[in-house]
Amino acid sequence: MKTFKLISLDIIEEKNEDITQRRIKLLDGLIINREDDHGRWIIEAYVDQSYQDFFQTMCNNQEEIMVQVKITKPSNQPATFLVTPIDTNVIGDHINVIFMGSIVNRQQEQIEKTLRQLMDEGYQNEELLAAFKKKAEEASS
């Protein structure tokens with residue numbers, strides 16, 4: 001197992017077909033790569049007790065949610081996880097929330113989104129490949 005400092009936590013929510021990020025104000029936190037056969041991670045967020053109802057509802061409903069986290073230092077790129085909140089614990093005026101889930105490969109997700117968009121625009125076969133390469137070149141420049 002490897003443990004890292006959790007620097008930021010955003011809950012990615014979908015409301016009325018809009019995707020928004022809800023920044024959770026962390027007091028402290030950590031993230032653990034369990035290095036198990038299922039590629040699961042544990043995220044523990046120590047937050048103000050004002051989040052109790054929000055997270056307790058998620059735990060009760062066993063909602064699978066998407067979160068974006070930064071690990072170790074604020075300048076790091078965020079990582080996206082698909083997680084389920086598994087427990088909340090009251091600690092004085094604060095709570096800790098424990099999530100378990102897997103990292104999402106954002107690059108793969110973006111590739112699939114771009115391919116789907118090009119296919120929806122009518123590209124296929126060699127035209128699809130050429131259009132995809134052009135999009136990839138535009139993105140990298």
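Start by selecting Q62 in this predicted model. Q62 sits just after helix α1 and takes a positive phi of about 50°.

Now step back into the helix itself: select residues 52–61, which make up α1. Which residues of α1 are buried? Colour Q52, F55, M58 and C59, and you have them. Look along the axis of the helix next. These buried residues cover an arc of only 140° around the axis, so they lie on the same side of α1. Then turn to the other side of α1, where D53 and N60 are exposed.

What covers the buried residues of α1? Show the strands to find out. The cover includes β1 (2–15), β2 (18–24) and β4 (40–48), together with β5, β6 and β7.

Let's follow the last three of those strands. Select residues 65–71 for β5 and residues 79–91 for β6. β5 and β6 pair in the antiparallel sense, over five bridges. To see one partnership, pick Q68 and look across to β6, where its bridge partner is T80.

Next, add residues 94–104, which form β7. How many bridges join β6 and β7? There are eleven, and this pairing is antiparallel too. For an example, select L82 and look for its bridge partner in β7, S102.

Finish at the turn of this hairpin. Two residues lie between β6 and β7. Zoom in on G92, which takes a positive phi near 65° in the hairpin. You began the tour at Q62, which has a positive phi as well.

Terms used: Residues numbered from 1 in each chain as written. Predicted model: local features only at pLDDT ≥ 70, side-chain atom pairs only at ≥ 80, totals over all residues. Heavy atoms only, no water. Pairing = 2+ DSSP bridges. Helix = DSSP H or I, 4+ residues; strand = E, 2+ residues; numbered from the N terminus. Buried < 20%, exposed > 50% of the residue type's maximum accessible area, 1.4 Å probe, protein only. Arc of directions from axis to C-beta. Contact = heavy atoms within 4.5 Å.
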